[in-house]
Amino acid sequence: MARYYEDLVPGTGLCPPRAAFASDAGRLSLSGTWLFRLSERADAPLDFLGPEAPGAGFSELPVPSHWVLHGHGTPRYTNTAYPFPIDPPHVPDDNPTGDHRLAFELPAGWRSAGSVLRFDGVDSCFRVWLNGRSLGTSSGSRLPAEFDAGEALRPGTNVLAVRVHRWSAGSYLEDQDMWWLPGIFREVALLERPADGVADVFVHAGYDHVTGRGTLRVDARTDASAPAVVSVPELGIEGLPAGREVVVPDVDPWTAETPRLYRGHLTAPGERVPLRLGFRTVAMTEGLLTVNGTPLLLRGVNRHEHDPDHGRALSLDTMRADLLLMKRHNVNAVRTAHYPPHPAFLDLCDELGMWVVDECDIETHGFIHAEWRGNPADDPCWEPMLLDRMRRMVERDKNHPSVVVWSLGNESHHGRNFGVLADWTRSRDPERPLHYERDRSYRHSDFYSLMYAPVAEVERIGRREEDAPPETADDPELEARRRALPFLLCEYAHAMGNGPGSLAAYQRAFEAHPRCQGGFVWEWIDHGFRRHTDDGREYFGYGGDFGDHPNGGSFCIDGLVFPNRTPSPGLIELGKVFQPLALEAAGDRLLVRNKHAFRDLSHLRFTWTLEDDGVRVADGELPTPRLPAGAAAEADLPALPATAGEGWLTVRAALAADEPWAPAGHEVAWAQFRVSPAPPVPAPTVPAPTGSAPTVPAPTGSAPDLVPRRVGAHILLGNGSFDPDTGVLRALGPLELLGPRLDVWRAPTENDRGMGPNSVAKDWFRAGLDRMEHRTVAVEPGGDRLLVETRLAAAGFERGLRVRYTWTAEGAALRLVVHVVPEGSWGDLVLPRLGVRLALPAAFDAVRWFGLGPGEAYPDSREAARVGLYAATVAELQTPYVVPQENGHRAEVRWAELAGPPGRLRIEGAPHFGLTARRWTSADLTAARHPTDLVPRNHLYVNLDLAHNGLGSASCGPGPLPEHLLFPEETTFTLRLSALPPAPTGATVTG
């Protein structure tokens, strides 16, 4: 079996694939502490197979695990590039190989005959010996492999030996934008196979949405002479012969919203198998994916398996935590990108309710670097290996009601072998449709599917106005079929770093066009590994942090949750966008639209809160109609008391009772409505050109304080002290500060950095926006104002921004009007941000604001922010993205106070401004690779922004929508700064 790991045979000695199921037969877990030895090549001595002591070099290793996460070798991350030469099916001679050895005791009375040794996941290829006897080989990392162990078992002590190769021919099918993590990373077990037992089971449980009837047939493959029988006591079914269909007059259907499972069992003479039955019918009806007669709208995420300490060796608690977070953020669908998950994850999807697109363990993306020459998808020699992977997935997962679509794989171009996979799957399981995105003829797919299509293109597709792809343009029959298919965005909204933007726009497009049946955000979790600096500070590593080369850098940090499963602002935004009901206020009426596909609203409790300038003044409960799925109705709003300031009514829909996925009171949806007119905002006066006096409102207060005057090395105006050479404010009352001065730079987000031509950050760096320099043109005290004119530009460029600051005193406060005029040729260059920055002493730490919150918000990612009165420390304002970048911006701030020992700085906008406050500069953020690189400076840097460029998702998709681009143009904005005494001890914030 020399170099068997390069064979195109999927394995040897394997038992036929079958469903994953439990039974009352014996099961001996072999997970635990094994002996392990790593060799750099695949041909190390086989000196660990028998009962004698193994050869040298062995140490202990937990199984399941990845050996590279336990000090043996290096984890490697690539996006598309293979980490070895493209030379299929060959791999390098230097092929790290892990030898695993376990001595275990066979329980007394164990029936050895027919016993099966089961591996649920081994990366990437392995060979197995039991008591020195070779049982076989297998590849297909995320799929089960079973071997007949009966003849090799012996009473008492047994020795199991497994040799695992990091690279194999199968690795060419596993280039899935992930860490390459070798090892036995899922459970290993010995399964007793009783005489007259159950070899396999296939549950068919359909539902007729017209009559409410269920149909049940349980096919069983047994070794028994007597037939197996099915019992479902809840339904009055007893002794139903396997293979016989029965009609149940009235059943509760299974859906992701109402995951009703009936418990039963299949009994053969020698074995009893528990069943969890979900009655549902999946169909393609009039060009749409339907379940139980209702079209689905998939509010989905792509999910890699990842844990920051254990890689893909996930615990049941971790899998449940993923699903609870998804459900609590209104996610209803998962694409198992890009391989079948641990089978327990699908059990949880059945139990908690989730639509699942189950994806085969096939991706050959790295062949893009060979212009797809040699791609296994189109090579008949690779057919057995590809088909084996599809069979093992379908057979393992066929009994899960949550699985509603089979996916043939991901990003493997196209080829004849996908036709083989599709034909076999349709014959084996005609009840589920198929998905494959990368073959743009869609001849093997029941969906028209794309990745990262812009919103405008999704809308065109929804109207069926899209252009035909080249693969179908000359084939009218094939094009007609494609155009009749429902549309799925199998990946969109790349959740890398700060973002993604435009989630609300995508959701509006999905909801406006029935053909668009939703999509799957890329992706669920940042694939970072927990690490520590020499002084013990924690951070998360990504590609290149382990000396791995080649590597995909931070491209694996692209999730909606951080590596430790803390929700990112992107997940909070997605939960708001995905909320399953719409709330709109019109006068004294509330329009409620139920966006559930199957569930009425009786599980929700509606409440309202009225706030006046962020302070709660009234609240109550709203009686709401029992609204069926898809229906809309109006409800009466309460008579509200008058508000003196900004009045905001917030309506919330929360769980009325505990659900399996969240406790009572969990907020499912909310909306906020302005109920008092906005106070008049004086329009700022644009300063006149240099040399003429601007017109400003007449100040109030004592005349000596309200006119600028030079005193020693200062210009004084009201409570302000300015530098006479630069006109920069240096103090306001007792508060030392520096600024504000115009600032256009933000530390690029991962989406700003983009891919290739989508990188707006490259344009920013080329244009020198990260190194803009100020030049003072004039400092002119006169009349009742101080006029400061500057020019902001980058070295080497003639374009710039002419800035005029007009300062006036208003009692103890200073009013600032900033007028910005672009000069020179800016072309289509957008600005990162537009606003001013000031610096305060480092002792300032407490922040209060009235505006959007509590979390960060940006132009195209602000649905989850609501108007209120908030308080936080400076540290709490930061979002700890794994890769440092622009973060923490609070939007539409009416006023903010920053407090330190000397007092408080109050800032007001006309009408609003954006706020960030951090202990490092944007330049520091730009340079840092990890949060631990950020060293607090001796100042607090505060940005007061008029506008930001949108976020988009150009790290792997489109940039911001046109309406969210920040082009340089003549602009005026106004701020008001006041120095206040320290807040009273014990002061609190309400709202």
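Start by selecting Ile 184, which sits in strand β15 (residues 183-184); helices (H or I, at least four residues) and strands (E, at least two) are DSSP runs, numbered from the N terminus. This is a predicted model, in which local features need pLDDT of at least 70, side-chain atom pairs count only at pLDDT 80 or more, and totals for chains, interfaces and linings use all residues. Residues are numbered from 1 along each chain as its sequence is written, and side-chain values use heavy atoms, with hydrogens and water left out.

**Stop 1: around Ile 184**

Is Ile 184 buried or exposed? Ile 184 counts as buried, at 1% relative accessibility. Here buried means under 20% relative accessible area, exposed means over 50%, and partly exposed lies in between (1.4 Å probe, protein chains only). Now add Pro 64 to your selection: Ile 184 and Pro 64 are 120 residues apart in sequence, yet their C-alpha atoms are 5.4 Å apart in space. Setting aside neighbours within four places in sequence, the contacts of Ile 184 (heavy atoms within 4.5 Å) are Trp 34, Val 63, Pro 64, Ser 65, His 100, Gly 121, Val 122, Val 162 and Val 164.

**Stop 2: the β17, β18 and β21 strands**

Next, select residues 198-207, strand β17, and residues 214-222, strand β18: nine bridges join these antiparallel strands. Two strands pair if DSSP finds at least two bridges between them. To see one pairing, pick His 204, whose bridge partner in β18 is Arg 217. The hairpin of β17 and β18 has six residues between the strands, and Gly 212 takes a positive phi near 80 degrees there.

Stay with β18 and add strand β21 (residues 246-248), which runs antiparallel to β18 and is joined to β18 by three bridges. Thr 215 has Val 247 as its bridge partner in β21.

**Stop 3: a three-stranded sheet**

Move on to β24, β25 and β26, which form an open sheet of three strands in the order β24-β25-β26, with antiparallel pairing. Strands β24 (282-285) and β26 (294-295) stand at the edges with a single partner strand each, so one side of each has no neighbour in the sheet. Strand β25 (residues 288-291) is joined to β26 by two bridges. Select Val 291 to find Thr 294 of β26 standing opposite.

**Stop 4: helices α1 and α2**

Show helix α1 (residues 316-328) together with helix α2 (residues 343-352): they pack at an angle of about 40 degrees, with axes 10 Å apart. The axes are lines fitted to C-alpha atoms, for helices over the stretch in contact, and angles run from 0 to 180 degrees between N-to-C directions.

Which residues meet between α1 and α2? From α1 come Leu 316, Met 319, Arg 320, Leu 323, Leu 324 and Lys 327, and from α2 come Ala 344, Phe 345, Leu 348, Cys 349, Glu 351 and Leu 352. By class, this contact has nine nonpolar, no polar and three charged residues. In this scheme Ala, Val, Leu, Ile, Met, Phe, Trp, Tyr, Cys and Pro count as nonpolar, Asp, Glu, Lys and Arg as charged, and the others, Gly among them, as polar.

Keep α2 on screen: eight of its ten residues are buried. What covers the buried residues of α2 includes β23 (271-277), α1, β28 (333-335), β29 (355-359), α3 (383-397) and β31 (403-407). After α2 comes Gly 353, with a positive phi near 100 degrees.

**Stop 5: the cysteines**

How many disulfides does the structure hold? There are zero, a disulfide being a pair of cysteine sulfur atoms within 2.5 Å. Select Cys 516, for instance: the nearest cysteine sulfur, that of Cys 490, is 14 Å away. Cys 516 is buried, with a relative accessible area of 2%. For Cys 556, the nearest cysteine sulfur belongs to Cys 956 and is 14 Å away. Cys 556 is buried too, at 1% relative accessible area.

**Stop 6: helix α9**

Now select helix α9 (residues 569-577), which is mostly covered, with seven of its nine residues buried. Those buried residues are Gly 570, Leu 571, Glu 573, Leu 574, Gly 575, Lys 576 and Val 577. Among the elements covering them are β27 (298-302), α8 (503-512), β35 (516-521) and β44 (667-674).

**Last stop: the β40-β41 hairpin**

Finish with strand β40 (residues 604-612) and strand β41 (residues 615-622), paired in the antiparallel sense over seven bridges. Phe 606 has Leu 622 as its bridge partner in β41. The hairpin has two residues between its strands, and Asp 613 in the turn shows a positive phi of about 50 degrees.
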